[in-house]
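Me: I am new to this structure and would like a close look at a single part of it. Please choose a place where helices pack against each other, and say what surrounds that place.

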Amino acid sequence: YRGRYYVYFGAAPMVTLMLPFRIVAGCDLPLPIATLVFVLGGFLASVAVWLGVRRRYFPETGAAVVAAGIFILGLTAGGPILLRRPDMWELPIAGGYCFAMIALGCVWRSLHVERRRWLWFAAAALSYGLAIASRPIYLIASPLFAVPLLAWWWSSRKFPAKLLLS
């Protein structure tokens, strides 16, 4: 409106997608396209986590289970509902979903790599911060970041200070 961006919930979608697009392209990215980008990003991140869980814990499952899981993730995350009428209110919802799923994927990676897990955990914290900046309601789930810290403490029996700082 009059050359400025106004978002109903948070500014993260504007700062991470809309503003860089405007700087590079010289024009505004349409809200339906931006909402689609965030919905697809969140969907792909959740599929990556699903495939990692399946590969690690259920390697004997067949292609039908994999396809059903991807299908269910696509329909139950709310993406089709957001894309039905992508407008100003749906953009921060889609942005929060995308950043939260990326954070979940980074936490997953930090739990299953041996080297530089603090980098994955820091990426998860950054992405989760962007989810909160998109939708402040995501702040409620912040204590879930204690789960990986407890897992690392349990496995090594020493305080994960570097991970906690990240």
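Reply: The answer below goes from the whole protein to the packing of H1, H5 and H6, and then to some residues around that place.

This is a predicted model, in which local features need pLDDT of at least 70 and side-chain atom pairs count only at pLDDT 80 or more, while totals for chains, interfaces and linings use all residues. Residues are numbered from 1 along each chain as its sequence is written, and side-chain values use heavy atoms, with hydrogens and water left out.

The protein has eight helices and zero strands. Helices (H or I, at least four residues) and strands (E, at least two) are DSSP runs, numbered from the N terminus. Read from that end, the order of elements is α-α-α-α-α-α-α-α. Along the principal axes, the C-alpha atoms fill a box of roughly 55 × 40 × 30 Å. Of the 166 residues, 33% are buried; buried means under 20% relative accessible area, exposed over 50%, and partly exposed in between (1.4 Å probe, protein chains only). Contact means heavy atoms within 4.5 Å. Of the contacts between residues at least 6 apart in sequence, 63% join residues at least 24 apart.

Now the chosen part. Helix H1 covers residues 12–25 and helix H5 covers residues 90–112. The two pack at an angle of about 85 degrees, and their axes are 9 Å apart. H1 is therefore roughly perpendicular to H5. Axes are lines fitted to C-alpha atoms, for helices over the stretch in contact, and angles run from 0 to 180 degrees between N-to-C directions. Angles under 35 degrees count as roughly parallel, over 145 as roughly antiparallel, 65 to 115 as roughly perpendicular, and the rest as oblique. On the H1 side, the residues that meet H5 are Ala12, Pro13, Met14, Thr16 and Met18; on the H5 side they are Leu91, Pro92, Gly95 and Phe99. By class, seven residues of this contact are nonpolar, two are polar and none is charged. Ala, Val, Leu, Ile, Met, Phe, Trp, Tyr, Cys and Pro count as nonpolar, Asp, Glu, Lys and Arg as charged, and the others, Gly among them, as polar.

H1 also packs with H6, at an angle of about 110 degrees and with the axes 7 Å apart. H1 is therefore roughly perpendicular to H6. Ala12, Pro13 and Thr16 of H1 make this contact with Leu130, Ala133 and Ser134 of H6. Four of these residues are nonpolar, two are polar and none is charged.

Helix H6 runs over residues 117–134, which is 18 residues. From first C-alpha to last, H6 reaches 26 Å, close to the 26 Å expected at 1.5 Å a residue; the expected span is 1.5 Å times one less than the number of residues. Its buried residues are Arg117, Phe121, Ala124, Ser127, Tyr128, Ala131 and Ser134. They lie on the same side of H6, because they cover an arc of only 130 degrees around the axis. That arc is the one spanned by the directions from the helix axis to the C-beta atoms. An α-helix has 3.6 residues a turn, so residues three or four places apart point the same way.

Leu130, in helix H6, is partly exposed, with a relative accessible area of 24%. Residues up to four places away in sequence aside, Leu130 touches Ala12, Thr16 and Phe99. Leu130 and Ala100 are 30 residues apart in sequence, and their C-alpha atoms are 8.1 Å apart in space.

The loop between H5 and H6 holds Arg116. Arg116 is not a glycine, although its phi is positive, about 55 degrees. At 53% relative accessibility, Arg116 counts as exposed.

H5 has a further set of contacts through Met101, which lies in that helix. Neighbours within four places in sequence aside, Met101 is in contact with Gly42, Ala45 and Ser46. The C-alpha atoms of Met101 and Val49 are separated by 8.5 Å, with their positions 52 residues apart along the chain. Ser46 belongs to helix H2 (residues 31–57) and counts as buried at 7% relative accessibility. With the neighbours within four places in sequence again left aside, Ser46 is in contact with Leu73, Tyr97 and Met101.
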